Structure formats: structure tokens, C-alpha cells
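This briefing covers strand pairing, one internal cavity and the surroundings of one acidic residue. The model is predicted.

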Amino acid sequence: EGLRLRLGNAAGQSVDVTTLPAKLPDGSLVVTAVDHEAQEDARRLAWSGAQPATASLVTDKPMTLMRETNGEVMVVLTTRIEEAPQGEATVGVTCGSGCKAVDLPAREALAKLPTGQWTTFGVPLKCLSVAGADMRKLDSVLVLRSAGKLQLSVSRVALGASNEAEHVLPCKVM
């Protein structure tokens, strides 16, 4: 509750996903419904590679995750790679105007996930904080960006402990 899926491209166009299928006007990112545990309970995100595009979970009001960041909490995605990234791919967050948006390199980590198989992928909140995100005022709690072709399905995004993710985005945490 309080989150919505927004698509955006390098030209500054954005679309809030309210019905499916949904796509950006230039076709650089398309979202469709797919099945995981129930009919149409997951979303397939398909980047065309024509230009960089993002899929973001945008908050209705800024969210604070400082306490969770101080622990071993991470954003955990239940995901299935349909087509591995063929260009730069990142995972990040945004935290409003005057705040540094953070994009962590994720191409290698996503490419290592099993293709065509559901798995869990974790992004440690500490990694996002160390990279410069202000975890006190997040306005996007997850931003997936790809500059090349990429297809992945997501059935769940949640905060979780490190033992809840089969694969974890590597990063340097102080």
C-alpha cells in the first residue's frame, strides 16, 4: 500500500502503471501480467534496448528506512530472468530533490541468476546508503534500470533478512 509502479525513459516520459499491459510511448519498456503462484500475480518487465528505461516503485509520501538500513535488511525480489541483461543494468533508489539518486551496478549479478527459474534476489539497504542514498526520505524504494535488452518477471518485492535471498547483489559496505 502506498506504492505504485512507474515506467520512465531517457526522454523524460513516464507512465504510472494502472492497467496491464502498459508501456512507455517509445516502447522502450513494456509491462505485462504473468503467472507465478496464481493467475497474473507477477509482472514481466521487458526492456527493448532502444534507449535506457526504468521501472520504479514510487511512494505516495517519502519513506524512512534508516532503522532497517542499520540492520541486515535488504529489498528482496522474487524474480525470474527471462532474458539476461545485454547492456548496463542497475538497481537503486531515489530520495527526492536535492538528494543523490543511487544506481548500483547489477548487470553481472542479474546475469548470474538462473534463466527461466523463480529465485530470490536481495539488495542490501546498507549498500544503497553507503552509495549515498538518504534512507530517511526515499520516494522510490526500488528502481530497476536497463540500457540494453532485458526481460525479467517479478512476483514480490519486500523488505527481508539476508537469509531470505538466495542471491545477493554484491557491494562494498564499510
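Strand β3 (residues 22-23) and strand β4 (residues 29-34) run antiparallel and are joined by two bridges. On its other pairing listed here, β4 meets strand β5 (residues 42-47), again in the antiparallel sense, over six bridges.

**Strand pairing**
- Within the β3 and β4 pair, Lys23 stands opposite Val30 of β4.
- The hairpin of β3 and β4 has five residues between the strands, and Gly27 there takes a positive phi near 75°.
- For the pairing of β4 with β5, Leu29 has Trp47 in β5 as its bridge partner.

**Internal cavity**
- The count of cavities of 30 Å³ or more comes to one.
- The volume of the largest cavity is about 40 Å³.
- Its lining consists of Leu77, Thr79, Val91, Leu110, Phe121, Leu144 and Leu152.
- Sorted by class, the lining of the largest cavity holds six nonpolar residues, one polar residue and no charged residues.

**Asp134**
- Asp134 lies in the loop between α3 (125-130) and β11 (138-146).
- Asp134 counts as buried because its relative accessibility is 15%, and the cut-off for buried is under 20%.
- The side chains of Asp134 and Arg136 are joined by a polar contact of 2.9 Å.
- Leaving aside residues up to four places away in sequence, Asp134 touches Cys95 and Cys99.

Definitions and conventions. Residues numbered from 1 in each chain as written. Predicted model: local features only at pLDDT ≥ 70, side-chain atom pairs only at ≥ 80, totals over all residues. Heavy atoms only, no water. Helix = DSSP H or I, 4+ residues; strand = E, 2+ residues; numbered from the N terminus. Buried < 20%, exposed > 50% of the residue type's maximum accessible area, 1.4 Å probe, protein only. Polar contact = N/O pair within 3.5 Å; in protein donor to acceptor, adjacent residues only side chain to side chain. Contact = heavy atoms within 4.5 Å. Pairing = 2+ DSSP bridges. 1 Å grid on protein atoms, 1.4 Å probe; cavity = no way out; pocket = protein on both sides within 12 Å on 5 of 7 lines; lining within 4 Å. Points joined across faces, edges and corners; volume = space filled by probe spheres on them. Nonpolar A, V, L, I, M, F, W, Y, C, P; charged D, E, K, R; others polar.
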